[in-house]
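Biologist: Could you pick one spot in this model and take a close look at it with me? After that, please carry on into the parts around the rest of the chain, in plain words.

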Amino acid sequence: MKYGSASTNLLRYVSPTDEKNFRDPLSSILPWELAFDVDGVVADTMAVFVEVVKERLGMDHFSKDHIREYDLSRCLPNVKREVIDELICLVLSDEYTLKIPPCPGASEFLRKFSNYAPLRFVTARVWPESVTRWLHNLLPDVPKEAIQVIATGDPNKKSSILRDMKVKVFVEDRWDTCLKLHTEGFGVIVYDQPWNRKGSDFPRVFNWYELEEFILWP
Ligand SMILES: [Mg+2]
């Protein structure tokens, strides 16, 4: 695992007078420095996509391991793009979003995390409502006002939102977004998924129990 270059980039956001106090944000993240993507990180959204593909297209052999690309049409080359788009819309609908299982350890981690900092989620979904409701269901004992969801509608808009929120480190599953955020000076932790195994540039977690190791709990 190598992520020295990520922390070097982060130096760009430290003024010269602060440099002596510089702390590698990826070795010990303070809760209020961290924010999360939703789909593929907190929510195992592709588990529902796989079920929908099996159900609607009769492709019983299809599994999450077949999703090696973020572009789903490349994972299902024999299925028309319009059909895939319809299935994606279905999965992102209010009804199906509520069926999405959480990624392992997410609810325990987020419940603990909420004792130290607000939970901040930045998603490229267009609408925040269904996923916000999903998070409220996942975390019934976390006050609703402690859960903030921002829907950018575009993964490329995440960096400006994160900068405004003063976030230093982001947990993300889309490889291109990881690269962009890194280039713009953010620390990145990749949430492992079959579609993001493209390199070892960033620290990688396989579940939320591992993410806990990165946090400096105050
Ligand atoms: Mg995602």
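Modeller: E213 is exposed, because just 8 other C-beta atoms lie within 10 Å of its own, and the cut-off for exposed is 12 or fewer. Keep in mind that this is a predicted model. You'll find E213 in the segment that follows α10 (208-212). Now look for S27: it sits 186 residues away from E213 along the chain, yet the two C-alpha atoms are separated by 9.1 Å. Contacts across long stretches of sequence turn up in the chain as a whole, too. If you take the contacts between residues at least 6 apart in sequence, 62% of them join residues at least 24 apart.

Let's zoom out a little. The chain has 218 residues, and 31% of them are buried. Its secondary structure adds up to 10 helices and six strands.

For the buried side of things, go to β5 (residues 187-191). Five of its five residues are buried, so this strand is largely enclosed by the rest of the structure. G187, I189 and Y191 point one way, while V188 and V190 point the other way, and every one of them is buried. On to its partners: β4 and β5 run parallel and are joined by four bridges. One pairing to look for is E172, whose bridge partner in β5 is V190. To get from β4 to β5, the chain passes through helix α9 (residues 175-183), and this β-α-β crossover is right-handed. β5 also pairs with β6 (residues 204-205), again parallel, through two bridges. V190 turns up here as well, with R204 as its bridge partner in β6.

Just before β4, there's a backbone detail worth a look. K166 lies in the loop between α8 (158-164) and β4 (169-172). Its phi is near 60°, which is a positive value in a residue other than glycine. K166 counts as exposed, because it has 10 C-beta neighbours inside 10 Å.

Now for two helices that each have a buried side. Here's the handy background: an α-helix has 3.6 residues a turn, so residues three or four places apart point the same way. In α7 (residues 129-138), the buried residues are V131, W134 and L135. They cover an arc of only 100° around the axis, which puts them on the same side of α7. What covers them includes α5, β2 (119-123) and β3 (147-151). On the face of α7 turned away from that buried side, you'll see the exposed residues E129 and N137.

The other helix is α2 (residues 45-57). It has 13 residues and reaches 18 Å from its first C-alpha to its last, close to the 18 Å expected at 1.5 Å a residue. Its residues T45, M46, V48, F49 and V53 are buried. Looking down the axis of α2, the buried residues fall within an arc of 150°, so they line one face of the helix. They pack against α4 (81-92) and α5 (94-97), and α5 is also among the elements covering the buried residues of α7. Just after α2 comes G58, which takes a positive phi of about 65°. So there's another positive phi to set beside that of K166, this one in a glycine.

Technical notes:
Residues are numbered from 1 along each chain as its sequence is written. This is a predicted model: local features need pLDDT of at least 70, side-chain atom pairs count only at pLDDT 80 or more; totals for chains, interfaces and linings use all residues. The expected span of a helix is 1.5 Å times one less than its number of residues. A residue is buried if 20 or more other C-beta atoms lie within 10 Å of its own, exposed if 12 or fewer, and partly exposed in between; C-beta atoms are placed from the backbone. The arc is that of the directions from the helix axis to the C-beta atoms. Two residues are in contact if their C-beta atoms, placed from the backbone, lie within 7 Å. Two strands pair if DSSP finds at least two bridges between them. A crossover is right-handed if, with the strands pointing away from the viewer, the path from the first strand over the helix to the second runs clockwise.
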